[in-house]
Amino acid sequence: MITVYHSEHVQAYVQALGSALPGHRVVHTMLKPQTATRYAVVWNPPPGFFTGLTDLQAVFVLGAGVDRLVAREDLPAHIPIYRLSDAGMAEQMIEYARYGVLHWQRSFDLYRNQQQQRQWQVQPDRRKQDTRVSVLGLGEMGGRVATALAAEGYQVNGFSRSARSLSAVTCVHGESALDEMLAHTDVLINMLPLTPATRSLLDGARLARLPAGAALIHAGRGEQLDENALLTALDSGALRFALLDVFSLEPLAKTHPLWVHPHALITPHSAAQTLISAAVLQISARIKALELGQSISGKVERARAY
Ligand SMILES: NC(=O)c1ccc[n+]([C@@H]2O[C@H](COP(=O)([O-])OP(=O)(O)OC[C@H]3O[C@@H](n4cnc5c(N)ncnc54)[C@H](OP(=O)(O)O)[C@@H]3O)[C@@H](O)[C@H]2O)c1
């Protein structure tokens with residue numbers, strides 16, 4: 001039995017998984033799965049969801065981020081968790097990052113504010129090759145974003161936990177390397193997973209290392225950024241522009257000052273959305289392989305939390 005939990009598209013997932021895996025019974029639940037559940041396909045299931053599932057063999061997450069799943073007490077450590085590997089999200093992330101970089105590079109943020117004051121003033125030209133972009137996280141999302149922007153002609157640095165090598169990207173790892181990189185960054189793009197090591201990584205001190213007038217594109221997880229420090233940096237002009245997709249509390253509270261900040265652009269955690277058909281194709285292929293006793297990719301290393 002395959003049990004699906006998704007707060008919005010559950011019927012679509014059940015139907016598509018049922019068609020892709022005709023030998024399996026695919027059901028959904030909004031509360032407690034049946035104990036016969038062998039595979040759980042989930043996005044943010046409620047607390048206690050996995051308790052008592054003695055037949056459970058694997059959990060498939062309907063996204064790339066697994067921060068809400070790895071620390072759960074109702075999911076025994078021996079049950080493997082598989083995240084989506086790209087599944088059409090990296091292309092969306094590239095578009096999102098490209099939009100944010102161009103917005104800053106071509107001064108659209110400044111022109112938007114000038115327009116409100118009916119001010120006709122040309123901003124200085126800035127070329128791609130003179131724009132230093134730094135990408136935090138060089139995995140399925142950040143790695144593709146970094147190489148795409150480098151191929152377009154930007155100066156790209158990338159930061160990861162372990163040593164990485166990517167075409168035309170200057171790769172660094174380790175926290176001291178991060179501080180050095182920030183000082184030479186015009187546009188900082190965050191695509192890190194949320195782990196104990198990345199929680200609160202972008203605090204006031206790190207934001208202050210960015211050169212005056214830099215930009216932030218924030219699409220990892222909200223808890224990685226000190227939003228008060230961000231507001232201070234935007235208010236003072238130390239940071240010129242922020243494109244923000246993720247927040248410490250989602251949905252962002254209606255009263256939050258970032259909604260109306262003249263230097264912030266807000267999107268509702270939509271930088272890279274899970275595509276139902278691509279997700280089902282990947283998960284069904286993985287379930288078929290598991291049933292044949294084969295090893296599959298996408299397994300989360302629970303000890304490192306991503
Ligand atoms: N906003 C959205 O719509 C959206 C959509 C999808 C994903 N996301 C977010 O993007 C995150 C990344 O996704 P992904 O598929 O690229 O993950 P991934 O393939 O697991 O890659 C994670 C990258 O982050 C690096 N990293 C992890 N911990 C680090 C640390 N402490 N210091 C430096 N680097 C660290 C990893 O380093 P190594 O290379 O050394 O392992 C790896 O390069 C997800 O976890 C999710 O939070 C957001």
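Start by selecting Ser107 in this predicted model. Ser107 comes after helix H3, and its phi is positive, near 65°.

Now step back along the chain and pick H3 itself, residues 89-105. From first C-alpha to last, the 17 residues of H3 reach 24 Å, close to the 24 Å you'd expect at 1.5 Å a residue. How many of the residues in H3 are buried? The count is 12 of 17, so call this helix mostly covered. To see them, color Met89, Ala90, Gln92, Met93, Ile94, Tyr96, Ala97, Gly100, Val101, His103, Trp104 and Gln105, which are the buried ones. While you look down the axis, keep in mind that an α-helix has 3.6 residues a turn, so residues three or four places apart point the same way.

Next, go to Ser85, in the loop between strand S5 (81-82) and H3. Is Ser85 buried or exposed? Its relative accessible area is 15%, and because the cut-off for buried is under 20%, Ser85 counts as buried. Show side chains here and add Arg286: the side chains of Ser85 and Arg286 make a polar contact at 2.7 Å.

Then select the ligand and the 29 residues around it. Which of them come nearest? Those are Arg83, Met141, Ser162, Arg164 and Tyr306. Try three distances to ligand oxygen atoms:

- Ser162: an N or O atom of its side chain is 2.5 Å from a ligand oxygen.
- Tyr306: here too a side-chain N or O atom is involved, at 2.6 Å from an oxygen of the ligand.
- Met141: this one uses the backbone, with an N or O atom 2.8 Å from a ligand oxygen.

Switch on a surface for the ligand at this point. On its own the ligand exposes 940 Å², and the protein buries 94% of that. Color the shell by class and you get 14 nonpolar, nine polar and six charged residues.

Zoom out and color by domain: domain 1 is 2-87 + 274-291, and domain 2 is 90-266. Why does the ligand lie between them? Both domains give residues to the shell around the ligand, so the ligand sits between the two.

For the last stop, select Arg144 in helix H5 (residues 142-151). Arg144 is partly exposed, at 32% relative accessible area. Add Val4 and draw a line between the C-alpha atoms: the two residues are 140 apart along the chain, and the line spans 29 Å.

Conventions
Residues numbered from 1 in each chain as written. Predicted model: local features only at pLDDT ≥ 70, side-chain atom pairs only at ≥ 80, totals over all residues. Heavy atoms only, no water. Near = heavy atom within 4 Å. Polar contact = N/O pair within 3.5 Å; in protein donor to acceptor, adjacent residues only side chain to side chain. Areas by Shrake-Rupley, 256 points an atom, 1.4 Å probe, with all protein chains shown as cover. Nonpolar A, V, L, I, M, F, W, Y, C, P; charged D, E, K, R; others polar. Domains from an automatic or database assignment. Helix = DSSP H or I, 4+ residues; strand = E, 2+ residues; numbered from the N terminus. Expected span 1.5 Å × (residues − 1). Buried < 20%, exposed > 50% of the residue type's maximum accessible area, 1.4 Å probe, protein only.
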